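Student: Could we go through this structure together? I would like to begin with the backbone and then turn to the interior.
Tutor: Certainly; please put the structure on the screen.

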Amino acid sequence: MTDIAIVAYQQSDCVSDAGAANEVEMIMPVLRRIYDQVGITNAQDVDFVCSGSCDYLQGAAFAFVLGVDALGAVPPIKESHVEMDAAWALYESILKIRMGHAESALVYGFGKSSPGELPIVLSQQLDPYYLAPQWVDTVSLAALQARIMLDQGLITERDMAEVVSRSRRNALHNPHAQLKGDISAEDVLAEETMVSPLRRADCCPVSDGASAMVIATVEKAKAWGLPYAIISGIDHRIETHNLGMRDLTDSVSTRKAAEGAGMSGGRVDVAELYAPFSHQEIILSRALGLGDETQVNPSGGVLAGNLMMASGLSRVGEVFNRIVAGEAERGIAHATSGPCLQHNLVTVVEKA
């Protein structure tokens, strides 16, 4: 099987409101930086391009096509899109290379969430017959999940607060983070609940921005002369959209995706988990069997900044950055989609 290398990664700052900047204006600076990092001129210098975004954020069908303007109209390129986080665009790009249809690929994701009410917009991911018509927002569903865990004695509110505290402290070293600071678990617990039992700090912020990555065969990466890391495995699994038919206190799909990606094949030095709510980081860590030897969300994770439709790709990028910097030899990146951790993807990244 063809080995896939990550050769470059770039991300914009997570900002609460990008103002008048449109999607193209958010994407282009990120693409410019990644072209410079690889040493190429434009998107025509790679064999395949795949993006991830959500038309519902802009409220128009095929709105992602506007983002494609950031690539340039001519000459034509081989391009695809997923109506999901760009982590799934990475999955498609890996398949493209492994099937022999490309040697390199540019993957990017973007989202401008600030104009609408993101928790309500995401209710459209729910069952279209029974739940979506009720417009149940994502925060309320996550609060239900957290309440079940608390009532069953699986977590405490202090456990959740400690996740937030660690996230904010880790984010002090992340120049792209939106929320950062040296706050204690006591500071978090002193906040009033927003949607019981969740406090505002337990929920990821709404963020605007984009991220991008370039992957290639190992031979192509060597030809470019760039430091790289190997994607040794990737898998994704989905559970039922009927929330009453699955255990919300566990993430079976994450565990199965990790098994499929080969996570058990070695030590995990770092794990970047897409946990939009504090208690979900605990669910994911337990599902993956992470121990004290693993650094969890050293970037601060999405509690420090959530680029909708790009944060899953950013988790992979954060692991890549630490490996090429010599801070880790092997790590996993997790991405999620849907309510209460419904659909999960796990990527294993290793030192070359």
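Student: Let us start with M309. Is M309 buried or exposed?
Tutor: M309 counts as buried, at 7% relative accessibility. Please keep in mind that this is a predicted model.

Student: Where does M309 lie?
Tutor: M309 is in the loop between β10 and α12. Although M309 is not a glycine, its phi is positive, about 75 degrees.

Student: What is the usual sign of phi?
Tutor: For most residues other than glycine, phi is negative, and most peptide bonds are trans.

Student: What is phi of W135 near?
Tutor: W135 is a residue other than glycine with a positive phi, near 55 degrees. W135 sits in the loop between α5 (118-121) and α6 (138-151). With a relative accessible area of 48%, W135 is partly exposed.

Student: And the peptide bonds? Which residues does a cis peptide bond join?
Tutor: S196 and P197 are joined by a cis peptide bond, with omega about 5 degrees. P197 belongs to the loop between β5 (193-195) and β6 (198-199).

Student: Back to the loop between β10 and α12, please. What does L307 touch there?
Tutor: L307 is also found in that loop, between β10 (295-296) and α12. Leaving aside residues up to four places away in sequence, L307 touches Q11, S12, D13, C14, S207, D208, G209 and A210. L307 is buried, with a relative accessible area of 0%.

Student: How many residues apart along the chain are L307 and S16?
Tutor: They are 291 residues apart along the chain, while their C-alpha atoms are separated by 9.8 Å.

Student: Now for empty space. How many cavities of 30 Å³ or more does a search of the whole structure find?
Tutor: The search finds one cavity of 30 Å³ or more. About 80 Å³ of space lies in the largest cavity.

Student: Which residues are the closest to its centre?
Tutor: Among the 14 residues that line the largest cavity, Q11, C14, N174, G305 and R315 are the closest to its centre. Q11 and C14 are also among the residues that L307 touches.

Student: Which helix gives the largest share of the lining?
Tutor: Helix α12 (residues 311-324) does, with four residues. By type, the lining of the largest cavity divides into four nonpolar, eight polar and two charged residues.

Student: A different topic: which residues of helix α10 are buried?
Tutor: In helix α10 (residues 252-261), the buried residues are S253, T254, A257, A258 and A261. Seen down the axis of α10, they fall within an arc of 135 degrees, so they line one face of the helix.

Student: What covers the buried residues of α10?
Tutor: The cover includes β8 (229-238), α11 (278-288), β11 (330-337) and β12 (343-351).

Student: And what follows α10?
Tutor: G262 follows α10, and the phi of G262 is positive, near 85 degrees.

Student: One last topic. How many disulfides does a search of the whole structure find?
Tutor: The search finds zero disulfides. C203 is in no disulfide, and the nearest cysteine sulfur, that of C204, is 7.2 Å away. A disulfide requires cysteine sulfur atoms within 2.5 Å.

Student: Are C203 and C204 buried or exposed?
Tutor: C203 is buried, with a relative accessible area of 8%. C204 also counts as buried, at 18% relative accessibility.

Key
Residues numbered from 1 in each chain as written. Predicted model: local features only at pLDDT ≥ 70, side-chain atom pairs only at ≥ 80, totals over all residues. Heavy atoms only, no water. Buried < 20%, exposed > 50% of the residue type's maximum accessible area, 1.4 Å probe, protein only. 1 Å grid on protein atoms, 1.4 Å probe; cavity = no way out; pocket = protein on both sides within 12 Å on 5 of 7 lines; lining within 4 Å. Points joined across faces, edges and corners; volume = space filled by probe spheres on them. Helix = DSSP H or I, 4+ residues; strand = E, 2+ residues; numbered from the N terminus. Nonpolar A, V, L, I, M, F, W, Y, C, P; charged D, E, K, R; others polar. Arc of directions from axis to C-beta. Contact = heavy atoms within 4.5 Å.
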